[in-house]
Amino acid sequence: MFTNILRADIYRLARSQFVRVTAVAFLVVIGLYCVFNFADHSETSFAFGGVVGTAADGTPLIDGFVGFSYLDPDNPRFWELVYSATCFTAATLFAIPITGMMITSADDQNGITKIAVAQGQSQSLLYLSKVVLSVLVTGTLWALHNVITLLLTLSRENASFNGDELRRWALTCLLIFLPLVVLMLLVSLVTLVTGSRVTGLVVMVLLIFTAPFLATLAQSRPSTLLDVVLGVNPVWHANRVTRYWSQTQILGHTWLMFVVGSVLLLGASIAWLRRRELS
C-alpha cells in the first residue's frame, strides 16, 4: 500500500505547477552563484557567518558560510575551495525546508487528505509518503546543486580534486544536508499541527536568524542553557559542519542530532495524526 501511495504522490508532483516553480528557483540560485563566483573577489567575499578561529595549519574555521576568499588567490587550498563551493548553503537553508513543507502539507491544504482518509487510507502512511518524497526531491536538488557549484568553483580557479578530496567534499555535503532534513521535518510538523504554512515559515526564520546570534553570545558568555538551545537547533549544526575535519566531535554531534531529531519529529508527527484520526 505504501508503495502505491508513494507512486501516486510522485506522479502528482511531477505534473504539478510546484515542480516548475521549484525548477525556476533552482536556476535562480545557480545563476546567483555564477554571479558571485565569477566576480572579482580581491577585496570581498560572500559571507553568512564568519571565521571563529584557525586550524593548526592556519586554515580558517567557519561558523556559517563563507566563500570566494583565498589567502593565496593564485593557489587556493582544498578547504578554501570547499568553503566557496558550499557557501550558497545560506540560500538552501530556506529552500530545502520550504520545499519539504510545501510537499508534506499540500494534501492537507487542498483537502485531498480528508478524502483519502474517508476512503480508508491511513493518515500516517499518507504523511510518511510525503516525507519520503520530500527527502528524495530535496536530496536530488541538493546533490545537483553541489556538483554544479563545485564544478564552477574549480573551473574559475583552474583547480581539481583528487579521489580523497572528492570523498571529503562529498561527506561535507552530506553532513550539511542532515541538519537541513531535520529542519524540514520540524517546519513540516509545525505546519501540520497548526494548519498554517505561515507559522511554519516564522519558526524556520527564527531558527535561521537566531542561530548565529546565540552562537556568538555563547562564545562570549558560556552557558549550559545556551549550549542546549543551540544543540537542538539544526541550523547551528548546519553552520558548523564544515569544521568537522579539524574538530572531529562535530561529526558525531551532527549524526546524533540527525538520528534523534528525525526519530522524535517523525514520531511526534505520527502521534499527532493518529490523535487527529481518533478525534
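**Helix packing and a surface patch**

Hi everyone, let me start on the surface: Leu174, Trp255, Leu256, Val259, Val260, Val263 and Leu264 form a nonpolar patch, together offering about 640 Å² of accessible area. Patch members have over 30% relative accessible area and no salt bridge, with nonpolar side chains joined within 5 Å; areas are Shrake-Rupley with a 1.4 Å probe. Helix α11, residues 249–278, gives the most to this patch, with 6 residues, and Trp255 sits in α11. Helices here are DSSP runs (H or I, at least four residues), numbered from the N terminus.

A quick word on the model: it is predicted, so local features need pLDDT of at least 70 and side-chain atom pairs pLDDT 80 or more, while totals for chains, interfaces and linings use all residues. Residues are numbered from 1 along each chain, and side-chain values use heavy atoms, leaving out hydrogens and water.

Now, how do α6 and α7 pack? The axes of α6 (residues 123–157) and α7 (residues 163–194) come within 10 Å and cross at roughly 145°. Axes are lines fitted to C-alpha atoms over the stretch in contact, with angles from 0 to 180 degrees between N-to-C directions. This α6–α7 crossing is right-handed. Among the contact residues (heavy atoms within 4.5 Å) are Trp142 of α6 and Trp169 of α7. By class, that contact has 16 nonpolar, 5 polar and no charged residues.

Moving along the chain, α7 and α8 (residues 197–220) have axes that come within 7 Å and cross at roughly 145°, again a right-handed crossing. The contact includes Leu183 and Thr194 of α7, and Arg197 and Leu207 of α8. The residues of this contact divide into 7 nonpolar, 4 polar and 1 charged.

Finally, salt bridges: counting a Lys or Arg side-chain nitrogen within 4 Å of an Asp or Glu carboxyl oxygen, there are 5. Lys130 pairs with Asp9, the closest N and O atoms being 3.2 Å apart. That pair links distant parts of the chain, α6 and α1 (residues 2–14), 121 residues apart. Thanks, everyone!

Key:
Helix = DSSP H or I, 4+ residues; strand = E, 2+ residues; numbered from the N terminus. Left-handed = near helix turned anticlockwise from the far one by under 90°. Nonpolar A, V, L, I, M, F, W, Y, C, P; charged D, E, K, R; others polar. Patch = residues over 30% accessible without salt bridge, like charges linked within 9 Å, V, L, I, M, F, W, Y side chains within 5 Å.
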